Each structure stands twice: as C-alpha cells, then as structure tokens.
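Trainee: I would be grateful for a close look at one part of this model, namely the place where the two chains meet. Please set that part within its surroundings and explain each term as it arises.

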Amino acid sequence: MEKQATDSLNILTPWLPSEGQVNGYQAVIKAELILENISEFPTLPTIYSSLADALADPCSTTRDVSRIISCDQASTSKILKIVNSPLYGYPGQIDTVSRAIVVLGYNEISNLVLTSQIMDLFSKRESLLDFRPVDFWGHSIAVGIATRHIGKALGLAKQDNFFTAGVLHDIGKLVFFEFASDQFTRALEWAKKHRLPIQAAEWEIFGTDHAYTGALLAEKWLLPQSIVQALRFHETGIAPETDPKLIASVHLGNALVRALELGYPGDDLILQPKQEALDILKLEPGILTQIVPNLLKDYEEITRILL
Amino acid sequence: MAVTVTIEQLKPGMVLAEPIFNRFNQVLLNKGVAITDRHLNVLSTWGIPRVIIEGGEREETPLELDNELKERGLTRLKKRLLWTPKSLLEEEIIHLAFVQACQHTGK
C-alpha cells in the first residue's frame, strides 16, 4: 500500500520532488518524528472515548449515548444548532440529543461531537504571518459544507462522514502551526516566494506534508478509518482503498472553496482538481453553480455556530 | 425557489422551474427538465430571451458586473490561477472564482 501511495503522489502532484527523492514510507517517518517531538501531545477528551465505547457496545441505548454527549454542554448546544441548520435539512425540528441520534444516526452525531472537540483542542489564537487560526477554520468549515453538498449532489442515501472529513481534512497544518511554528513560518514564506501551494513548502521544509501528518494524528486518536483515509488522500483525490467518493468529494470541495476564497488554508492558490477524482464523482456541469449559493449561506451560519 | 435568468446565463445542468413555450404556445421544454447543450441550441433558435429555473433557496438578482469591476476581478483571479481548464467542470470552478473575486474587489 505504501508503494502505491508513493506512486500516485508522484504522478498526480507535479510539484513534489521527483521519484527517488521522496517516498511515502519516509514521509510517514518524518510525520511520526514531528508528532513524537510534541511535548504536550493533544489528547481527545474522555467524552469521545466513552462515546466510542458506548457506540461499540451493542447493549447501549440511545439514552446512554445521549447522556454521555449531554455531559458536554458546549458541544451539545453546537451540535443541536448544526443539525437544525439547513445544511442538515431539519430546520428547527431537533430539540434533544436523543432526537438528533434517531434522525441522523449514531455515527454522524459522534462525528459532530468529534469535530466540535477537535476544534476546541487547538486553542492557539495568534497568527503566524498571514496564517490566522480563525481563517484556517473558516476554510476547513467551508470544505466540510462543500463536501456534504457534493455528497448530496451524488445522490447518496447518506452523507455520513462528509462534513467531518471536510472540516478535519487540513488538521495536519494545525499540528505544524502549533507544534513546529518556526518551521511552519518558513514554509509559509517559501510557498509565498515560489508561488506554490503550502503543501509543496511542507515537503521542502518538513520532508512530509499535512496530509500524512494529519492522517497519522487521526490514526493515533483512533478516528474512523474513512476519516483517516480522507485526511491522508484529500490532496490526490484518490485512494487505493476505502471510500473513493468521500475522498474525491473532499478533494473537489477543497478546490471549490479555495476558488471561492472562503477562509485561508496557508496560500491563496486555486488548485486544479485531479481528473481521476472528477472521474469518480461524474458530476454534471452546472452542479457546482447550483451548490454555491447554499454553500455561502451555510458558511455564514455554521461559522457563526462553531467559531 | 425559482429565479429568472437570461438565456446567456442559462447553463447546462440547470433545472427548469416553469415550462418554456414557443410563440405558438406549444411547450418546448417542460418544468423539471435539466438543461443540456442541445436545449440551449433549441432555445436560441426559438429566440427565447429568458427562462425560470430552480435556484436553490435564496432569491438572487444576478450580479451585474461593470467593466471596471470585471477588470479588477480578473487581475485578482489571475494571480491565484496557474493552470488552464481542461473540462467544463474546471471552467465552472474558474468562473465561480471569477465572480467571487469581482465581489471581493468590489467591497
């Protein structure tokens, strides 16, 4: 799998160093080193692990799960606001966590808890050069919304994981930002100087990128595999396994949100979506134009709830 | 909610909210039809000036861009765009980026 991942990176990402100079295995090692050097490694609050345990236990009931979630009042109120927003399509109908679970299912509710918790975890507020956490999250939330809208346009019965995978797709950048800020500053400068995406600068400075680093972090946090894979492959848009539509949707959502200048992901370039990812989605022309007005409206609303 | 667009603004994939009639009051295209390139030809042959399409939830008057705004939007866009589109979907992304860039520079 590692070999395959390297190959696809070299073929699809033209700014990467040529083959032989970089491989996926080394990138994972480098990412591993960065995570190991963090003295105060961010751990997920216990509520998420109790939640994961409850969800894995076939005997647990909606009541058990909603009791765990309701312990965290801040998360509860955010989640209820999100599920009642037009993005989820049940405006004003869901007033309790247990009702939210019945309507959206355990998986998506636990995803929303996770999203809210992780956003609280990275607390640094001051900016590095032109990289401001609030704009980073703006970009991330917009990608979450775009990804979910693309999922809807694909006509999938459920769009579980789409919002969360989109919101968390760039989490590796926050690891650099919070725990390797000197190097990340150099990466930001390098990207600007060479007019290349921040990902290229990460390869130059860190020998790995935010996709590898974010996926490794997600793996250490024991997040669902579909999310780990979406973090890992969102830049290439295709993955050797798991949920190809989810990954391709995050990829296209990212390209669309960069085009629309919502938030700031570390550079201002518009990225060309990979044809391989577009082939997986097979979207009709005109769909994105239809999505954008709702995307902009949801963006205003969801950033108000989460930021 | 339905919105009225001119034939120039009508793009493949948009869905009609009302039927389109020709000048003999015959239905050319029914409501609910998703527009294709072929339809665009038919409509321009019949000289249909504007149609009503499904337009998401908010009603919007299409942004009228004056030339100066377009110019500034284009400058802003060009700095961030280092590739040329190879498909309709990529062109669509660039068009959306252009509209947004015009709005940003207009603020």
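Mentor: What follows begins with the contact between the chains and then turns to salt bridges, a helix and the nonpolar cores.

This is a predicted model, in which local features need pLDDT of at least 70, side-chain atom pairs count only at pLDDT 80 or more, and totals for chains, interfaces and linings use all residues. Residues are numbered from 1 along each chain as its sequence is written, chains are lettered from A and ligands numbered from 1 in the order in which they are written, and side-chain values use heavy atoms, with hydrogens and water left out.

The contact between the chains draws on 28 residues of chain B and 29 residues of chain A; contact here means heavy atoms within 4.5 Å. The size of an interface is often given as the accessible area lost when the parts come together. For chain B and chain A the buried area is about 2600 Å², with 57% of it on carbon and sulfur atoms. Buried area is the accessible area (1.4 Å probe) that two parts lose on being put together, summed over both.

Polar contacts also cross this interface: 15 residue pairs, both at pLDDT 80 or more, satisfy the rule. A polar contact is a pair of N or O atoms within 3.5 Å; within protein, one must be able to donate a hydrogen and the other to accept it, and residues adjacent in sequence count only if both atoms are side-chain atoms. On the side of chain B that touches chain A, helix H2 (67–80) and helix H3 (88–106) of chain B each supply at least two residues. Helices (H or I, at least four residues) and strands (E, at least two) are DSSP runs, numbered from the N terminus. The most is given by H3(B), with 10 residues. By type, this side of chain B has 13 nonpolar, 6 polar and 9 charged residues. In this division, Ala, Val, Leu, Ile, Met, Phe, Trp, Tyr, Cys and Pro count as nonpolar, Asp, Glu, Lys and Arg as charged, and the others, Gly among them, as polar.

Side chains of opposite charge can pair when their charged atoms come close. A salt bridge is a side-chain nitrogen of Lys or Arg within 4 Å of a carboxyl oxygen of Asp or Glu. Between chain B and chain A there are 2 salt bridges, and the count over all chains is 12. Glu261(A) and Arg76(B) form a salt bridge through their side chains, at 2.6 Å from N to O.

Within chain A, the side chains of Arg258(A) and Asp267(A) form a salt bridge at 2.7 Å, N to O. Arg258(A) counts as buried because its relative accessibility is 6%, and Asp267(A) is likewise buried, at 5%. Buried means under 20% relative accessible area, exposed over 50%, and partly exposed in between (1.4 Å probe, protein chains only). Returning to the interface, salt bridges that share partners join Glu261(A), Arg76(B) and Arg80(B) into one network.

Another charged residue of chain A, Asp160(A), sits in the loop between helix H7 (133–153) and helix H8 (162–168). Asp160(A) is buried, since its relative accessibility is 16%. Its side chain makes a polar contact with that of Asn107(A) at 3.0 Å, and a salt bridge with the side chain of Lys158(A) at 3.9 Å, N to O. Lys158(A), at 56% relative accessibility, counts as exposed.

Helix H5 (residues 73–83) of chain A has buried residues, including Ile79(A), Leu80(A) and Val83(A). The buried residues of H5(A) pack against helices H4 (62–70), H6 (97–121) and H16 (287–306) of chain A. At the N-terminal end of H5(A), Asp72(A) acts as a cap, with a side-chain oxygen 3.2 Å from the backbone nitrogen of Ala74(A).

In soluble globular proteins, nonpolar side chains tend to be buried together. A nonpolar core is a set of buried Ala, Val, Leu, Ile, Met, Phe, Trp, Tyr and Cys residues joined through side-chain atoms within 4.5 Å. The largest such core here has 109 residues, and Val83(A), Ile118(A) and Phe163(A) are among those with the most contacts inside it. A second, separate core of 13 residues includes Leu10(B), Met14(B), Leu29(B) and Ile35(B).
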